[in-house]
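Biologist: Please walk me through this structure, feature by feature. Start with the general idea each time, then give the case at hand.

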Amino acid sequence: MGISLDGLSSGLDTTSLITQLMTAEAAPQNLLKTQVTTSNTMISALQGLNTRMATLADSATAAAKVGSLDLYSATSSSPALTVAVATGASAGELQVVVSALAQSQVGVSAAMAAWPSPSTITIVGHSGTPLEITPASNSLDDVASAINSSTAGVTATKVASGVDGSGTKLYRLQFSSKTTGADSSFRVYQGAAADRSDANDVLMALGSAMIKTAQNASVTLWKGTSAEQVITSATNTFTDLLPGVSVTASAVFTDPVTIAVSRDDTKISAVTKGLVDSISSAFVLIAAQTAVSTTTDASGKSTTSAGIFAGDSNIRDIRQKTLDAASAPINGHSPSEYGIVLTRTGTITFDPDKFAAALVADPTTVMAAVQTIATRIATVATAASDKYDGALTNQIRGDQSQVKNLGDQISAWDVRLASRKSTLQRTYSAMEVLLSNMKAQSAALTSQLSSLSTSTTTR
């Protein structure tokens, strides 16, 4: 605990004096702290820009891929036949008649109170390979559990089925294949695989029933013509009727349904607009961090300051390269002809109407131009934001290293200033002690002189 020395002998406010001296001593450290604050502000701004450039790189890279603009949409003349478009689609039209829907096999056993002995069950799937299943007991719950945990591809469910003459509750086991299609068919036998026969086929026994048979979905193309063709699927979805188009049926109908696939200009426009928006997003951030601002203090004095990016050659270079990549001519044609417009203020905007008109007039040229621009932008944006050696990444690392170095210097100053403060406190303490001693000596001398004067007068 420190002891206040203020005014003991000198009458000086030594605490205030030391504080003022330490404030002067700390000036170099405060400059370092200001540099840390500025550097951290710069790092934060750079990280924000790096994120936007990385987003731009991803957007441009995706748009530059072969086939990225081969975007199509498909329609169906019936809600009972839905279509979805994937990569590889092309324009075309097809008429389809749905003859059958895919279904799983479902069968129920005869009513029973417990599984007959022996408890072993053999299930044979479409492949013909038998699978023996041995439940924990003849309990129908154990039988169902054993089947459901097996690899037979069949589920078993216990269903209430009334009571017998003695009042005992009876149940049926419902067997269902886990998948649809003709290959999902199965047979259930009571007993070991070697003993299977029609006589112990559970779904052929007296009182049992086949609820649904396993079957494929089927559609007919060009029905009623010499080219008529039937195509089947284990599910209600057909993925090979047209390239890149999957068709899913939900009902059987005899009237032909028309499937039409056409180029989706709206999706192509959206990809291009997304690319331009990503460029604009990066430019907006750069502009905000470069802009000059003016502030006024309480006294009315105005102060003008530039943004953190002002004068940064690396940022200026990245912006210019991005602008050049987006606006440079392609085979002698300006991107503005395709709706990617360079404005007078040096920004890039997207004109949807101009793009749509150009796409209708010459889709091949327009899509090639967009992919050329995307390729150029991807190169620039990746060079700026790559997480290993991007220009912005390296700049951020350099600033972070500088902040660490400044932090070390500030810590060293903490030690130096603490030592200096301790020295000042000892110095002023010694001064007060010295002054106190001098005052004591002065008082003693004064007293002695006073005694001598009195003695002389008495004589």
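Modeller: Secondary structure comes first. Helices (H or I, at least four residues) and strands (E, at least two) are DSSP runs, numbered from the N terminus. The protein has eight helices and 19 strands. This is a predicted model: local features need pLDDT of at least 70, side-chain atom pairs count only at pLDDT 80 or more, and totals for chains, interfaces and linings use all residues. Residues are numbered from 1 along each chain as its sequence is written, and side-chain values use heavy atoms, with hydrogens and water left out.

Biologist: What radius of gyration does the protein have, and what would a compact globule of 459 residues have?

Modeller: The radius is taken over C-alpha atoms, and the globule rule is 2.2 Å times the number of residues to the power 0.38. For a compact globule of 459 residues that is near 23 Å, but the protein has 44 Å. Its C-alpha trace spans about 155 × 80 × 35 Å along the principal axes.

Biologist: How many of the residues count as buried?

Modeller: Buried means under 20% relative accessible area, exposed over 50%, partly exposed in between (1.4 Å probe, protein chains only). Of the 459 residues, 34% are buried.

Biologist: Which share of the contacts links residues 24 or more positions apart?

Modeller: A contact means heavy atoms within 4.5 Å. Among contacts with a separation of 6 or more, 66% join residues 24 or more positions apart.

Biologist: Give me a pair to look at. What separates the C-alpha atoms of Ala 62 and Leu 275?

Modeller: They are 9.6 Å apart in space and 213 residues apart along the chain. Ala 62 sits in helix H2 (residues 27-64). It counts as partly exposed because its relative accessibility is 42%.

Biologist: Where is Asn 236, and what does it touch?

Modeller: Asn 236 is in the loop between strand S12 (229-233) and strand S13 (237-242). Leaving out residues up to four places away in sequence, it touches Leu 101, Ala 102, Ala 217, Val 247, Thr 248 and Ala 249. The C-alpha atoms of Asn 236 and Leu 101 are separated by 6.0 Å, with their positions 135 residues apart along the chain. Why partly exposed? Asn 236 has 23% relative accessibility.

Biologist: How do I read backbone angles?

Modeller: Most residues other than glycine have a negative phi, and most peptide bonds are trans. Here, the bond from Ser 117 to Pro 118 is cis, with omega near -5 degrees. Pro 118 lies in the loop between S4 and S5.

Biologist: Which place does Thr 120 take, and is it buried or exposed?

Modeller: Thr 120 is in the loop between strand S4 (106-108) and strand S5 (121-125). It counts as buried because its relative accessibility is 17%. Beyond its neighbours within four places in sequence, its contacts include Trp 115, Ile 133 and Tyr 189.

Biologist: What is phi of Trp 222, and what is phi of Asn 331?

Modeller: For Trp 222, phi is near 50 degrees, a positive value in a residue other than glycine. Trp 222 is found in the loop between strand S11 (217-221) and S12. At 41% relative accessibility, Trp 222 is partly exposed. Asn 331 also is not a glycine, with a positive phi of about 50 degrees. Its loop runs between helix H5 (313-327) and strand S18 (340-342). Asn 331 is exposed, at 75% relative accessible area.

Biologist: How many aromatic pairs does the structure hold?

Modeller: A pair of aromatic rings is described by the distance of the centres and the angle of the planes. Rings of Phe, Tyr and Trp (its six-membered ring) pair if their centres lie within 6.5 Å; planes under 30 degrees apart count as stacked, over 60 as edge-to-face and the rest as tilted. The structure holds one such pair. Phe 350 and Phe 355 form it, tilted, at 5.4 Å centre to centre and 50 degrees between the planes. Phe 350 and Phe 355 are both buried.
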